[in-house]
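User: I should like to learn how the descriptive terms for a structure are justified. Please show it, and I shall ask about the labels.

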Amino acid sequence: MTWDGIATAAQELEALGFSGMLFTEAVQVPWMSIAAAARATTTLELSTGIAVAFPRSPMISAQVAWELARETRGRFRLGIGSQVKGHVTRRYSSLFDKPAAQMRDYVQAFRACIAAFRREAKLHHEGPYYPMNLLPREFAPARHDYEDIKLDISAVGPLMCRLAGELADGLHVHPMHSLHYIHNRLLPAVAKGAELAGRDAAEIDLIVPAFAVAGDSPEERAPMLERARMQVAFYGSTPNYHFQFDDLGYTGTTQTLNELMRKGDSAAMAAQISDEMLEHFVVVGRWDDIADQLIERYRGIASRLAMYLTAEAMHRNPATAPKWGEVARAVLKAP
């Protein structure tokens, strides 16, 4: 989207009752879009979900976060992720080693930068990936009133989930997730990391992107339901995510999807995701029911619920925007 488009969308979402916008780094970097949204609104909370970490120095991430926190008056929080090796090495031409160990060092280096910006300590971080020890006074950003910048990381596997529990303020859950995965894999790993750090696991915010498809008839739901099916198939083709299917009894699905992905057969990929499988990953309901379904599914789990497909659904059919606003307000009011 253009900056003007982002500003307009942000104003509309704020008026509808949404509490924030989450910007994913895919075809665009998120920073200018966040600035455009911030200038157009007064209450929306803005975050990256996620920005790709490894191609950027922790110093650059810290500087951008520091500036956005100041300019949004505290409405910004930074979410970062490792991305997969192919993208980091072949698209960004950057280092990708052991992702959990590298992310640990990245988070610690980022924290060291923020501490130096706060004048709490001289910049000195001697990690294995991001050593840094130079911040002349002339290059230190000015202090401001919004220096408590939240840092969240994306995590899927046990090592990264444990790291989030140990070091991060929050965890971005992968959009393709079942409740079985959250309860049996993600939450125990987060709790283990929190225990190692002497933290309460409840302190770690879970930011959960949800596939939600609403409509009062099968025909109304069909386009976005098929869109969700294709997205689950796309994510499910990643070898590292095979357990998402295996744990539910759909062993071998990831391998099949990966083979079809290599052939470029997207239709066959979608066909691999049955309605039964889709129920584990997608919330589907009538307009009057979808908010209650989301609340029931994610109560006690999500600190922030992000509607993964809603922006696209509203773009396809602008008439649904007020309905999504009602859903957002209902979820926000839930105890």
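User: Why is R185 called partly exposed?

Analyst: A preliminary remark is needed: this is a predicted model, in which local features need pLDDT of at least 70 and side-chain atom pairs count only at pLDDT 80 or more, while totals for chains, interfaces and linings use all residues. Residues are numbered from 1 along each chain as its sequence is written, and side-chain values use heavy atoms, with hydrogens and water left out. The relative accessibility of R185 is 35%. Buried means under 20% relative accessible area, exposed over 50%, and partly exposed in between (1.4 Å probe, protein chains only). The value for R185 lies in between, so the label is partly exposed.

User: Where is R185 found, and what does R185 touch beyond four places in sequence?

Analyst: R185 belongs to helix α7 (residues 179-196); helices (H or I, at least four residues) and strands (E, at least two) are DSSP runs, numbered from the N terminus. Not counting residues up to four places away in sequence, R185 touches H180, F243 and D247, where contact means heavy atoms within 4.5 Å. F243 is 58 residues from R185 in sequence, and their C-alpha atoms are 9.9 Å apart in space.

User: Why do L151 and W31 receive the label that they have, buried or exposed?

Analyst: L151 has 0% relative accessibility, which is under 20%, so L151 counts as buried. W31 has 13%, also under 20%, and therefore W31 is buried. L151 is in strand β5 (residues 151-155), whereas W31 is in helix α2. Beyond four places in sequence, the contacts of L151 include L78, I80, V107 and F110, and G170 has its C-alpha 6.7 Å from that of L151, although the two are 19 residues apart in sequence. On the same basis, W31 is in contact with residues including T48, A51, F76 and L78.

User: How do you know whether S93 and Q83 are exposed or partly exposed?

Analyst: S93 has 65% relative accessibility, which is over 50%, so S93 counts as exposed. Q83 has 28%, between the two limits, and is therefore partly exposed.

User: What makes the backbone at Q83, S93 and I50 worth noting?

Analyst: Most residues other than glycine have a negative phi, and most peptide bonds are trans. Q83 is not a glycine, but its phi is positive, about 60°; Q83 lies in the loop between β4 (76-81) and α4 (85-91). S93, also a residue other than glycine, has a positive phi near 55° and is in the loop between α4 and α5 (99-117). The peptide bond from G49 to I50 is cis, with omega near 5°, and I50 lies in the loop between β2 (45-48) and β3 (51-52).

User: Why does the span of α1 agree with the expected value?

Analyst: The expected span is 1.5 Å times one less than the number of residues. For the 14 residues of α1 this gives 20 Å, and the end C-alpha atoms are 20 Å apart, so the two agree. In α1, I6, A7, A9, A10, L13 and L16 are buried, and they pack against β1 (20-23), α2 (31-40), α14 and α15.

User: Why are the buried residues of α15 said to line one face of the helix?

Analyst: In α15 (residues 321-333), A321, W324, G325, V327 and A328 are buried. Seen down the axis, these buried residues fall within an arc of 160°, so they line one face of α15; the arc is that of the directions from the helix axis to the C-beta atoms. Their cover includes α1 (3-16), β7 (205-214), α13 (290-298), β9 (304-307) and α14 (310-316).

User: Which residues make the contact of α13 with α15, and how many are nonpolar, polar or charged?

Analyst: I290, A291, L294 and I295 of α13 meet V327, A330 and V331 of α15. The contact contains 7 nonpolar residues, no polar and no charged. Ala, Val, Leu, Ile, Met, Phe, Trp, Tyr, Cys and Pro count as nonpolar, Asp, Glu, Lys and Arg as charged, and the others, Gly among them, as polar.
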